[in-house]
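Welcome! Here is a friendly first tour of a structure that is new to you.

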Amino acid sequence: MVILSRQSEVEYKLVLMRQSLEETGAIAIYLKGTDWFSWATAGASNTVLLTAEAGVAEILVTSNHAWILTDKIEAQRLLNEELNGIEKCYELQINPWADSKKRDLFIKEITSSGKILSDRSLSSDSSLPMSLIHHKRILLPTELDRYRQVGQLASEAMTEVLTQAQPNWTEYQLAGGGANALWKRGLHPALTLAAGARRLPLYRHPTPTTEAIGQIAMLVFCARGFGLIASLTRFVCFGSLPNEQRELHRQVREIEAAGLNQCQIGTPLDRVYAALKHAYEQQGYPRAIYEHHQGGTAGYLAREIVATPTTSDRLTASLAIAWNPSLPGAKIEDTFVLHSDDSLENLTYDSDWDHIDVDGRLRPVPLEIL
């Protein structure tokens, strides 16, 4: 199938879902999660509560029909603002907001209590097949185009807020400025971490506080647009970066390079993990890899697969990747896509940010505001 439009992308994904029904003998596929909803609708969102894993609409697909299930509160907005262009692909099934049981009865009627595959299944025999999960992780050209937009906007938002930051800002102000910059660009601030000079060396996941950031600060984004999540980390320093900090950032860039150099088609994720582990040891930090996860593949989740010492999943073309090696006080992170020629495209690169060449790749350095 030639995919030239949002509608043709959804039609292709409906074919994939129906192939899964044939493979498993199931009656229907029932998708609830925000990630799967966006995948199946070519970028629509069922999110209202940002922290929820499931949204205000769901998808039910059988061998000959497809519905979006929602309630009266959400239906018209979804039709007008989220599903425009793919109205022919799904029929809306609307239940009263005060009677969610009608949705359950509808599903039971359609499936005749047969086997249902779901991303939120309660038993292993009704989980989605790995073949379909694999398709979700491999970006179609139309998805990659959307991902590029998300990455560019997210990196621009990051640059905007850090160039405006002040040392007397609190971590809340820094994170809030980041969230504001993302919202301005139509992106969900799925995650905004911020740490100032004191807390930066202490915690790998520094949720913001009322503390002033001081001389140096880190800001971390997981920015969501069209359901796709772009992850990136940047630092700002007021004045010249101290030599000790400069060395930490050099080391973490070298560690990341060891992992990125392993990112080739067919490479298992545990091999990338092993390369990162060895790089930590070479830099004199043999325990650091155990202090934070190192990242993995990305896409409709911030991490579709987290790399571990035993992760045998292999890298493939059109797969998004986000590694985030860290040391106490230093971290590096961007979101890449692996192409068929083994090249890595940095989706969150911003030409307005200062970079340094590391093994042939431009990698971000802390912003120094003198």
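Below come two helix pairs and then the cysteines. This is a predicted model, in which local features need pLDDT of at least 70 and side-chain atom pairs count only at pLDDT 80 or more, while totals for chains, interfaces and linings use all residues. Residues are numbered from 1 along each chain as its sequence is written, and side-chain values use heavy atoms, with hydrogens and water left out.

**Helix 6 and helix 7**

- The axes of helix 6 (residues 141-164) and helix 7 (residues 171-184) come within 9 Å and cross at roughly 140°.
- That angle makes helix 6 oblique to helix 7 (oblique covers angles that are not under 35 degrees, over 145 or from 65 to 115).
- Among the residues in contact (heavy atoms within 4.5 Å) are Ala-154 and Val-161 of helix 6 and Leu-174 and Gly-177 of helix 7.
- Sorted by class, this contact of helix 6 with helix 7 has seven nonpolar, two polar and two charged residues.

**Helix 8 and helix 9**

- Helix 8 (residues 243-260) and helix 9 (residues 269-282) have axes that come within 8 Å and cross at roughly 155°.
- Helix 8 is therefore roughly antiparallel to helix 9 (angles over 145 degrees).
- Ile-255, Glu-256, Ala-258 and Gly-259 in helix 8 meet helix 9 residues including Val-272 and Tyr-280.

**Cysteines**

- The count of disulfides (pairs of cysteine sulfur atoms within 2.5 Å) comes to zero.
- Cys-89 is buried (under 20% relative accessible area, 1.4 Å probe, protein chains only), with a value of 10%.
- Cys-237 also counts as buried, at 0% relative accessibility.

Definitions and conventions:
Buried < 20%, exposed > 50% of the residue type's maximum accessible area, 1.4 Å probe, protein only. Axes fitted to C-alpha atoms, helices over the stretch in contact; angles between N-to-C directions. Helix = DSSP H or I, 4+ residues; strand = E, 2+ residues; numbered from the N terminus. Nonpolar A, V, L, I, M, F, W, Y, C, P; charged D, E, K, R; others polar.
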